[in-house]
Amino acid sequence: MTKDCPCGSGSAYADCCGPLLARTRRAQTAEALMRSRYTAYVQSDAAYLEETLMPRKRSSFDADALLTWNADVTWKGLRILATDRGGPGEEDGVVEFIATYAKDGEESEVRETSRFRKKGGSWFYVDGRLDGEAVPESAAAPKAGRNEPCPCGSGKKFKRCCG
């Protein structure tokens, strides 16, 4: 019997998020990365969540806090509401989703509009805006000039990287 993928794609885990979390295949779209990150939450795979976070954002990632919070969470499902860009030939994308879960006996949900960027052929989660929340500060125009080094640390000019 084939195990369905927790991301709700309708595909088998072995054909969907499994190879991404096993690091044998990269996400081809922003939505695929979003789905695999949801599955990483289901499986408490903090390492994958950190690896798929935009490198310049990793210094604020707290795996222990995530695992502590996630320890008694039962993830119930993921629903993709909308996508904008984020295809195989694109460099950025946006995915709006609702993830439902239960914690401490109470049902809840996360509704987020997430931004993704492709670097070096791999998709990364940049940041997200929760429903009703202001656009994150990091979503504002970067402070680096077009010809200055990119603040992500890639060594490329900003205009050729994150700009």
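# Close-up views of the predicted model

**Figure 1. The hairpin formed by strands β3 and β4.** In this predicted model, strands β3 and β4 form a hairpin in which two residues separate the strands. One residue of the turn, G120, has a positive phi of about 60 degrees. The two strands pair in the antiparallel sense, and the pairing extends over eight bridges. R115 has D127 of β4 as its bridge partner. Strand β4 covers residues 122–130, and seven of its nine residues are buried, so the strand is largely enclosed by the rest of the structure. Strand β3 covers residues 106–119 and includes E106. With a relative accessibility of 58%, E106 counts as exposed, because the threshold for that class is over 50%. The C-alpha atom of E106 lies 9.8 Å from that of V73, and the two residues are 33 positions apart in sequence.

**Figure 2. Surroundings of V126 in strand β4.** V126 belongs to strand β4. Is V126 buried or exposed? Its relative accessibility is 5%, and V126 therefore counts as buried, the limit being under 20%. When residues up to four places away in sequence are not counted, V126 touches M54, R56, K57, R115, F116 and R117. One of these residues, K57, is separated from V126 by 69 residues in sequence, yet the C-alpha atoms of V126 and K57 are 7.5 Å apart in space.

**Figure 3. T52 in the loop between α3 and α4.** T52 is located in the loop that joins α3 (46–51) to α4 (63–70). T52 is buried, as its relative accessible area is 7%. Which side chain makes a polar contact with the side chain of T52? The partner is the side chain of R37, at 2.7 Å. A polar atom of the T52 side chain also lies 2.9 Å from the backbone oxygen of Y48. Leaving aside residues up to four places away in sequence, T52 touches L33, R37, F124 and Y125. R37 and L33 are both among the buried residues of helix α2.

**Figure 4. Helix α2 and its packing partners.** Helix α2 consists of 13 residues, 30–42. At 1.5 Å a residue the helix should span 18 Å, and its end C-alpha atoms are 19 Å apart, which agrees. Its buried residues are A30, L33, M34, R35, S36, R37, Y38, T39 and A40. Against which elements do the buried residues of α2 pack? They pack against the helices α1 (18–21) and α3, and against the strands β1 (73–85), β2 (92–103), β3 and β4. Just after α2, S44 takes a positive phi of about 55 degrees.

**Figure 5. Aromatic pairs and the aromatic cluster.** The structure holds six aromatic pairs. In one of them, Y38 and W75 meet edge-to-face, with 5.8 Å from centre to centre and 80 degrees between the planes. Y38 lies in helix α2 and W75 in strand β1, so this pair ties together parts that are 37 residues apart in sequence. Y38 is buried at a relative accessible area of 3%, and W75 is also buried, at 16%. Another pair consists of W69 and Y101, whose ring centres are 5.5 Å apart and whose planes stand at 70 degrees, so this pair is edge-to-face. The pair links distant parts of the chain, with W69 in helix α4 and Y101 in strand β2, 32 residues apart. W69 is partly exposed, with a relative accessible area of 33%, whereas Y101 counts as buried at 11% relative accessibility. Y38, Y41, W69, W75 and Y101 form one aromatic cluster.

**Figure 6. The protein chain as a whole, for orientation.** The protein chain contains four helices and four strands. From the N terminus on, its elements follow the order α-α-α-α-β-β-β-β. Of its 163 residues, 40% are buried. The chain exposes about 9,200 Å², of which carbon and sulfur atoms supply 47%. Among contacts with a separation of 6 or more, 42% involve residues 24 or more positions apart.

Terms used
Residues numbered from 1 in each chain as written. Heavy atoms only, no water. Buried < 20%, exposed > 50% of the residue type's maximum accessible area, 1.4 Å probe, protein only. Polar contact = N/O pair within 3.5 Å; in protein donor to acceptor, adjacent residues only side chain to side chain. Contact = heavy atoms within 4.5 Å. Areas by Shrake-Rupley, 256 points an atom, 1.4 Å probe, with all protein chains shown as cover. Pairing = 2+ DSSP bridges. Expected span 1.5 Å × (residues − 1). Phe/Tyr/Trp six-rings, centres within 6.5 Å; stacked < 30°, edge-to-face > 60°.
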